[in-house]
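Subject: Handover of a structure and a summary of its features

Dear colleague,

Please find below the structure that I am handing over to you. A summary of what was found in it follows directly after.

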Amino acid sequence: MQKLKKKTAELIYEQIKVSFGDGIITADEINEMLEYPPDRSMGDIALPCFKLSKSLRKAPPVIASTLAEGLSCEEYSEVAAVGGYLNFKVSPTAFAKRVVADIEAAGEKYGSPMCGEGKTVVLDYSSPNVAKPFHIGHLGTTVIGHSLKLLHEFAGYKCVGINYLGDWGTQFGKLIVAYKKWGSQKKVEEGGVDELVSLYVKINNAIKAEEEESLAGIPEGERTGKAKSALGDESRLEFSKLEQGNEENLELWRWFVSVSLKEYEKTYKMLGISFDSYKGESFYTDKMPAQVQKLRDMGLLEIDDGASIVNLDKWNMPVCLILKRDGSTLYPTRDIAAAVYRKGEYKFDKAIYVTSAAQSLHFAQWFKVVELMGYDWHNQLVHVPYGTVSINGAKLATRTGNVILLRDLFDEAIRRVSEITREKHPDENECREISEKVGVGAVIFYYLSNNRIRDINFVMEEALSFDGNTGPYAQYTYARTCSILEKAGSLGKMTDAPMSEVEFELSKTLSIFPERVKGALADYEPSVITRYILDLCAAFNRFYHDCKIASLEEGDLRSSRLALTAATNWVLKTALHLICMQSPEKI
């Protein structure tokens, strides 16, 4: 539809020059004004002429009727002035032939704006904390981030996916102490991340018990700063040794990281995700002092109650903490150092950070600090926030145990799908393959169906339904196109056969895909593609229901309908890929 809109805008532009004079408006400005009427009886494309009324100094109906008199195009069956609107009705057959020809010519690249050629994008997403399990709360950053990577790759960008692991901090001192006191290599190798979590919980409980015991007998109002814990002191000492390069602790730390990554890779494999870099917080430890010194040299650092801060009052933001009172760094310090390193390493044109909306202030603060430091690429930093997840209406809370591990969620989804697919696919391997694609895809689709900033209530029964706007429904529609084409033994070719309304609507939906890709990129919004998939599935299933396809006798009509089916197959596969979903040919 984009091409036709552009062509229409150029025709209107030329007619305005003829009827009203030159230099009044550009073709691009007209293109922005064009609309899709809600009812086809009003046309397929419309120009609301009231937007031209001021510049042309004419009433909208006069403008519309004047322009209609001189406009014609082979792809329009009718150009009419209706009130203050100039309406264009498309010639269905000519339009569908052009759309399918465009899809066939572009192949897997149909819909790509190719706006990223020669540009590099760095995407920071997923980024779990080492020694902790992947739970559903990590799903947002992971699938939104990867979908944005796929969209940018599709648009021609060179993309660098970074998993900024939470692999540093005092928690590792605790874990080292817990492992030395209660752990064993065998238990950790067998239990993986679950065993590390168990050790971490055990030492935290032990520290809490020691602190409570140390406060016994001290009045409630006098307890501040008086809690004591030998295990807590030992943990801080072990982390200090780790920071100072103690080889024994470093070896343990590297092992904890590798055990964690081994577990995470299982989930990433299910999602079809790989990263170009796993450089976590620890990598930037020696890169922070230079940035702190730069802030100091520029006079941006202020001392506030012993802490080093950057004052952001002028921009209506709280102060940005750079160093604690004891001189240790904080998240903004690490993020600034990481951004500077990545700019030097990758020469990015854009750096995208996909994190919870709860961190929006944090990103606004350190983005502003980067600007104040004089880095001229500060406006290339983009924070993409997303909402929270609840399960069946209950918010996630680690303290109450209301956390669903991502691996368990996927396993449950796969198990439920396999109960359905086993009847059609008794072969165990085939059943497992299909169930994994559909089960994992159902979870992804359900999550990406909503605008990313909205909070999501995850309901498994809704996600796995084959009825309604779900992942299984979308994948089933794709499998249906594969089945039709396989039975027909041909991809067909568009002809001049008369076209029904549902065929024309399908061709129009196919034509809109490039616009939806542009919209998803502009808004960093994968749900634009998810909603498009549902529109395309609905259009194709109406076409499938109303029109014979492969069962028709050989001829022009059969050939055209097969070509439309093949075009749907190609576009739907591309769209599913852009939201991290696989396209099973059988379900």
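I begin with a single residue: His425 is buried, with a relative accessible area of 8%. Here, buried means under 20% relative accessible area, exposed means over 50%, and partly exposed lies in between, for a 1.4 Å probe and protein chains only. His425 is found in the loop between helix 15 (406-421) and helix 16 (428-448). Leaving aside residues up to four places away in sequence, His425 touches Glu430, Cys431, Ile434, Lys586 and Ile587, where a contact means heavy atoms within 4.5 Å.

Please note that this is a predicted model, in which local features need pLDDT of at least 70 and side-chain atom pairs count only at pLDDT 80 or more, while totals for chains, interfaces and linings use all residues. Residues are numbered from 1 along each chain as its sequence is written, and side-chain values use heavy atoms, with hydrogens and water left out.

Overall composition

The chain has 22 helices and 13 strands. These are DSSP runs numbered from the N terminus, with helices (H or I) of at least four residues and strands (E) of at least two. Of the 587 residues of the chain, 51% count as buried. The C-alpha atoms fill a box of roughly 90 × 65 × 45 Å, taken along the principal axes. Among contacts between residues at least 6 apart in sequence, 73% join residues at least 24 apart.

The sheets

Strands of a sheet pair through backbone hydrogen bonds, either parallel or antiparallel. In this account, two strands pair if DSSP finds at least two bridges between them.

One open sheet consists of three strands in the order 1-3-2, with antiparallel pairing. Its edge strands are strand 1 (45-48) and strand 2 (76-82), each of which pairs on one side only. The twist averages 15° from one strand to the next; axes are lines fitted to C-alpha atoms, for helices over the stretch in contact, and angles run from 0 to 180 degrees between N-to-C directions. Strand 2 and strand 3 (residues 85-90) are joined in the antiparallel sense over six bridges, and Val82 has Tyr85 in strand 3 as its bridge partner. Helix 4 (residues 60-70) packs on this sheet, touching strand 1, strand 2 and strand 3, and its direction makes about 155° with that of strand 2.

A further open sheet of three strands has the order 6-7-8, again with antiparallel pairing. Strand 6 (301-304) and strand 8 (320-323) stand at the edges with a single partner strand each, so one side of each is left without a neighbour in the sheet. Neighbouring strands of this sheet are turned by 45° against each other on average, direction ignored. Four bridges join strand 6 to strand 7 (residues 307-310), and Glu302 has Ile309 in strand 7 as its bridge partner. Helix 12 (residues 288-297) lies across strand 6, strand 7 and strand 8, running at about 115° to strand 8.

Parallel pairing is found between strand 9 (residues 350-356) and strand 10, over six bridges. From strand 9 the chain crosses through helix 14 (residues 360-372) to strand 10, and this β-α-β crossover is right-handed (with the strands pointing away from the viewer, the path from the first strand over the helix to the second runs clockwise). Val354 stands opposite Val384 in strand 10. In strand 10 (residues 381-386), six of the six residues are buried. Leu381, His383 and Pro385 point one way from this strand, and Val382, Val384 and Tyr386 the other way.

The nonpolar cores

A nonpolar core is a set of buried Ala, Val, Leu, Ile, Met, Phe, Trp, Tyr and Cys residues joined through side-chain atoms within 4.5 Å. The largest has 126 residues, of which Ile12, Leu47, Phe458, Phe513, Ile529 and Ile533 touch the most other members. The contacts of Ile12, not counting residues up to four places away in sequence, are Ile30, Leu34, Leu47, Leu67, Leu71, Leu86 and Phe88. Another core, of 31 residues, lies apart from it, and includes Tyr164, Leu312, Leu323 and Met373.

Helix 22

Helix 22 (residues 556-578) is mostly covered, with 18 of its 23 residues buried. Just after this helix, Cys580 takes a positive phi of about 70°.

Yours sincerely
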